[in-house]
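Visitor: Got a minute to walk me through this one? I'd like to go piece by piece.

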Amino acid sequence: LLIKENHKLKPMSEYGKVKIIIEKLLKKYSNKHKIPILVLRVFNIVGKYQSKKYLGFRMEWYEKFILKR
């Protein structure tokens with residue numbers, strides 16, 4: 001799923017809202033102090049060596065539908 005950088009943000013949770021607020025604060029700080037910033041909006045990354053301890057149902061889904069176990 002490709003989403004453009006200027007796509008309107010519509011957070012669905014308080015966590016998402018806080019992430020947007022932090023990004024805005026970082027941008028203001030960056031502009032004021034001329035410090036470059038980089039914000040990565042990564043999704044839940046799941047891979048072959050990911051620990052089940054931190055994934056819960058996502059690992060179960062990954063194993064069932066991706067690995068076909």
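Visitor: Let's start with S30. Buried or exposed?

Guide: Keep in mind that this is a predicted model. S30 is buried because its relative accessibility is 12%, and the cut-off for buried is under 20%.

Visitor: Where does S30 sit?

Guide: S30 is in helix α1.

Visitor: And what is S30 in contact with, leaving aside neighbours within four places in sequence?

Guide: With those neighbours set aside, S30 contacts I35, P36 and I37.

Visitor: Which residues in α1 are buried?

Guide: G16, I20, E23 and S30 are buried in α1. Looking down the axis of α1, the buried residues fall within an arc of 90 degrees, so they line one face of the helix.

Visitor: What is exposed on the other side of α1?

Guide: There, E14, Y15, L25, K28 and K32 are exposed.

Visitor: A glutamate caught my eye. Why does E23 count as buried?

Guide: E23 counts as buried because its relative accessibility is 17%. The limit is under 20%.

Visitor: What does E23 touch, not counting residues up to four places away in sequence?

Guide: By that count, E23 touches V39 and R41.

Visitor: Salt bridges next. How many are there?

Guide: The count comes to one salt bridge. The side chains of K17 and E14 form it, at 3.3 Å from N to O.

Visitor: How far apart in sequence are K17 and E14?

Guide: K17 and E14 are three residues apart, about one turn of the helix, and both lie in α1.

Visitor: How open are those two side by side?

Guide: E14 is exposed, because its relative accessible area is 56%. K17 counts as partly exposed, because its relative accessibility is 38%. The exposed class begins over 50%.

Visitor: Back to the helix as a whole. How many residues has α1, and what does it span?

Guide: α1 has 20 residues. From first C-alpha to last, α1 reaches 28 Å, close to the 28 Å expected at 1.5 Å a residue.

Visitor: What happens just after α1?

Guide: K34 takes a positive phi there, about 55 degrees. K34 is not a glycine.

Visitor: Why flag that?

Guide: Because most residues other than glycine have a negative phi.

Visitor: Where is K34, and is it buried or exposed?

Guide: K34 is in the loop between α1 and α2, and α2 covers 57-66. K34 counts as exposed because its relative accessibility is 69%.

Visitor: New topic: the surface. Which residues form the nonpolar patch?

Guide: The patch is made of V18, I22, L26, I37 and V39. Together they have about 370 Å² of accessible area.

Visitor: Take V18. Which helix is it in, and how accessible is it?

Guide: V18 is in α1, which runs over residues 14-33. V18 counts as partly exposed because its relative accessibility is 43%.

Visitor: I37 and V39 came up before, right?

Guide: They did. I37 is among the contacts of S30, and V39 is one of the residues that E23 touches. Both I37 and V39 belong to the patch.

Visitor: Now zoom out. What secondary structure does the chain have?

Guide: The protein chain has two helices and zero strands.

Visitor: And what share of the chain is buried?

Guide: Of its 69 residues, 12% count as buried.

Visitor: Last one. What is the accessible surface of the chain?

Guide: The accessible surface comes to about 7,200 Å². Carbon and sulfur atoms account for 63% of that.

Technical notes: Residues are numbered from 1 along each chain as its sequence is written. This is a predicted model: local features need pLDDT of at least 70, side-chain atom pairs count only at pLDDT 80 or more; totals for chains, interfaces and linings use all residues. Side-chain values use heavy atoms; hydrogens and water are left out. Patches are made of residues with over 30% relative accessible area and no salt bridge: like charges are joined within 9 Å, nonpolar side chains (Val, Leu, Ile, Met, Phe, Trp, Tyr) within 5 Å. Accessible areas come from the Shrake-Rupley method with a 1.4 Å probe; for residues, only the protein chains shown count as cover. A salt bridge is a side-chain nitrogen of Lys or Arg within 4 Å of a carboxyl oxygen of Asp or Glu. Helices (H or I, at least four residues) and strands (E, at least two) are DSSP runs, numbered from the N terminus. Buried means under 20% relative accessible area, exposed over 50%, partly exposed in between (1.4 Å probe, protein chains only). Contact means heavy atoms within 4.5 Å. The expected span of a helix is 1.5 Å times one less than its number of residues. The arc is that of the directions from the helix axis to the C-beta atoms.
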